[in-house]
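This report describes selected features of the structure shown below. The reader is invited to follow each passage with the structure in view.

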Amino acid sequence: MTARDTSYAAVMGRKNEIMKASMGMDYEDFIASPVAFDYERMMRETGYSLDDIRRIQSETKVGSTPLFELRNITAAVRRIAGPGKGATILVKDEAANASGSFKARRASVSAFEAARKGYKGMIAATSGNYGAAVASQAAQRGLKAIIVQEVYDSRGVGQPEIVEKSRVCEAYGAEVLRLTVGPELFYVLLRTLEDTGFFNASLYTPFGVRGVETLGVEIAEQVRARYGKDPDAVVITHAGGGNLTGTARGLLEAGCTATRIVACSVDLHGLHMASDRDFNRKSFTTGHTGFGVPFATWPDRVDVPRNAARSLRYMDEYQLVTQGEVFYVTELLARLEGMERGPAGNTSLTAAVTLARQMDRDQVIVVQETEYTGAGKHQNAQLSFARENGIEVRRGDPRENVPGQRIVIPERLEQVWGAVQDMDRLRLSYLRNAAKALPVEQWSEEDYAFLGADVKKDAAWVKNALVMEK
Amino acid sequence: MELIPAGTWVEIEQVILTPEQRAPSLPEDTQRTPYVMRVSGFLVESAALGQSAAVKTLIGRELQGTLRGVNPSYTHSFGATVPELLTIGVENQP
């Protein structure tokens with residue numbers, strides 16, 4: 001083997017060739033300009049039909065999860081809602097997937113594809129439930145797995161949720177590379193791909209996102225069978241965008257064209273994602289605005305040349321909730337519904353409580369995931385850790401929450417209210433980022449059409465938005 | 001110096017990038033620190049804590065670093081009781 005230059009700059013410079021070798025896929029085939037690419041063709045050319053994906057997933061304990069009606073939480077919401085208000089809240093119990101979260105759907109197709117193409121193993125850079133999913137799916141397909149995780153601050157302290165997510169990867173037989181805080185995670189990923197020749201099980205490939213489509217299809221089928229209609233709204237915890245994109249695509253494939261697609265993230269404004277100090281001042285490690293907003297307003301900031309997860313393409317609204325509100329609702333799920341699930345997965349349930357209160361009684365709102373719980377992945381573990389790290393924790397009005405300083409747990413359900421994000425502001429922010437990739441003067445009609453579709457609008461809307469900006 | 005026998009489950013640590021080698025435009029608090037990796041595996045040859053050592057990971061890959069612990073374990077838990085959580089749910093009963 002010839003010695004390669006492993007300096008930061010040299011490895012980053014080899015990014016494209018490493019990516020190409022580690023996925024057996026050439027993005028150049030789809031790219032039309034620094035902005036536009038043929039998104040639908042890229043998704044289609046994974047070569048898997050929805051039926052194929054269902055079959056692949058059923059082989060490795062993924063999918064067909066139960067959809068439960070949260071009768072007591074719905075009743076509690078109706079008691080505080082106005083006359084005729086209070087939609088029925090349903091939850092898709094994705095914790096029932098192998099590895100305990102919806103991320104198994106995302107890893108399943110990648111593992112199948114990696115095995116089919118003859119790779120010996122797969123690698124993912126993630127501090128989320130995705131690591132467990134990749135490890136679990138790899139184990140079932142006879143592949144080796146390496147998980148590259150941001151775990152510690154410079155003192156060597158990892159917050160309980162991340163430590164648990166590290167442990168579980170090892171439990172499924174993966175090699176876990178535990179790193180301190182920094183975006184150089186990507187550098188380590190590239191070096192490890194190069195050293196091993198393994199498959200890049202990136203969260204953002206078409207395989208990953210298509211694997212989530214079955215979740216949307218199952219929701220459509222289950223709601224129709226039980227309520228004789230399409231879901232009125234589906235609430236989706238949003239970080240990198242794959243959960244929202246895949247679920248929405250599945251709903252559309254099943255014909256749910258009128259279902260409102262609602263994104264939801266935990267509000268962590270003011271905390272820097274690459275800061276060693278801020279790292280352990282967050283009580284949520286994903287599903288928060290630190291990922292949700294940047295990924296919505298520029299999806300192509302990822303470890304693949306073009307991101308298959310494009311949330312603004314499918315999103316109708318975007319709700320923010322506070323950490324305290326999510327912990328409160330997580331506790332309610334246990335107390336009222338007899339279901340103990342991990343707090344991060346309950347982010348969307350928190351927004352659903354707010355939305356159901358405003359929706360009509362005959363409407364149906366679906367919370368599309370749960371995640372497993374246990375030591376570390378638990379509201380008590382997270383709050384206890386926050387308190388040890390100097391964060392104030394108290395009951396009160398969640399509007400007094402300050403990320404990284406104060407977590408305020410609501411005193412009553414009425415106080416779970418969240419906040420709505422301005423969608424057009426997000427869309428404009430996306431266009432400004434596109435203008436950084438290619439100056440507006442150089443945008444072709446194809447670019448305008450792509451950008452329009454990418455923000456769930458059209459070319460005319462984009463042109464008009466640019467005029468208004470000036 | 002006590003030698004840890006080959007085959008023992010251990011943790012090694014490796015400085016991936018020194019502060020000078022790190023990515024550009026990091027927040028100042030992160031920029032000051034080295035980028036460090038820890039990984040667990042079976043010790044390939046006997047070595048003492050603090051010495052350079054190789055491990056074979058769970059997937060059989062050999063990695064090099066400084067030996068920093070024997071039988072690394074997980075101690076995360078449900079944490080100390082947070083009394084603020086205990087009364088949630090009661091107020092929502094009919």
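How many bridges join β5(A) to strand β2 of chain B, and in which sense do the strands run, parallel or antiparallel? In this predicted model, β5(A) and strand β2 (residues 35-43) of chain B are joined by 2 bridges and run antiparallel. Within β2(B), Arg38(B) is the bridge partner of Arg178(A).

**The contact between the chains**

The contact of chain A with chain B involves 50 residues of chain A and 32 residues of chain B. On the side of chain A that touches chain B, several elements each supply at least two residues: the strands β4 (144-152), β5 (175-180) and β11 (392-396), together with α8 (160-171), α13 and α15 (379-388). By residue type, this side of chain A divides into 24 nonpolar, 12 polar and 14 charged residues.

**Strand β8 and its two partners**

Within chain A, attention may now turn to strand β8 (residues 260-266). This strand is mostly covered, since 6 of its 7 residues are buried. β8(A) pairs with strand β7 (residues 233-237) of chain A and with strand β9 (residues 317-321) of chain A. The table sets out these two pairings.

| Strand pair | Sense | Bridges | A bridge partner pair |
|---|---|---|---|
| β7(A) and β8(A) | parallel | 5 bridges | Thr237(A) and Cys264(A) |
| β8(A) and β9(A) | parallel | 5 bridges | Ser265(A) and Leu320(A) |

Helices link these strands along the chain. From β7(A), the chain passes through helix α11 (residues 242-253) of chain A to reach β8(A), and this β-α-β crossover is right-handed. A right-handed β-α-β unit is also made by β8(A), helix α12 (residues 289-297) of chain A and β9(A).

**Two helices that cross**

Helix α13 (residues 323-337) of chain A has a further contact, with helix α5 (residues 71-80) of chain A. The axes of these two helices come within 8 Å and cross at roughly 110°. Why are α5(A) and α13(A) described as roughly perpendicular to each other? Crossing angles of 65 to 115 degrees count as roughly perpendicular, and α5(A) and α13(A) are therefore roughly perpendicular to each other.

On the side of α5(A), the residues of this contact are Asn72(A), Ile73(A) and Ala76(A). They meet Leu332(A), Leu336(A) and Glu337(A) in α13(A). The residues of the contact of α5(A) with α13(A) comprise 4 nonpolar, 1 polar and 1 charged. Helix α13 is also one of the elements that supply at least two residues to the side of chain A that touches chain B.

How values were computed
Residues are numbered from 1 along each chain as its sequence is written. Chains are lettered from A and ligands numbered from 1 in the order in which they are written. This is a predicted model: local features need pLDDT of at least 70, side-chain atom pairs count only at pLDDT 80 or more; totals for chains, interfaces and linings use all residues. Axes are lines fitted to C-alpha atoms, for helices over the stretch in contact, and angles run from 0 to 180 degrees between N-to-C directions. Helices (H or I, at least four residues) and strands (E, at least two) are DSSP runs, numbered from the N terminus. Angles under 35 degrees count as roughly parallel, over 145 as roughly antiparallel, 65 to 115 as roughly perpendicular and the rest as oblique. Two residues are in contact if their C-beta atoms, placed from the backbone, lie within 7 Å. Ala, Val, Leu, Ile, Met, Phe, Trp, Tyr, Cys and Pro count as nonpolar, Asp, Glu, Lys and Arg as charged, and the others, Gly among them, as polar. A residue is buried if 20 or more other C-beta atoms lie within 10 Å of its own, exposed if 12 or fewer, and partly exposed in between; C-beta atoms are placed from the backbone. Two strands pair if DSSP finds at least two bridges between them. A crossover is right-handed if, with the strands pointing away from the viewer, the path from the first strand over the helix to the second runs clockwise.
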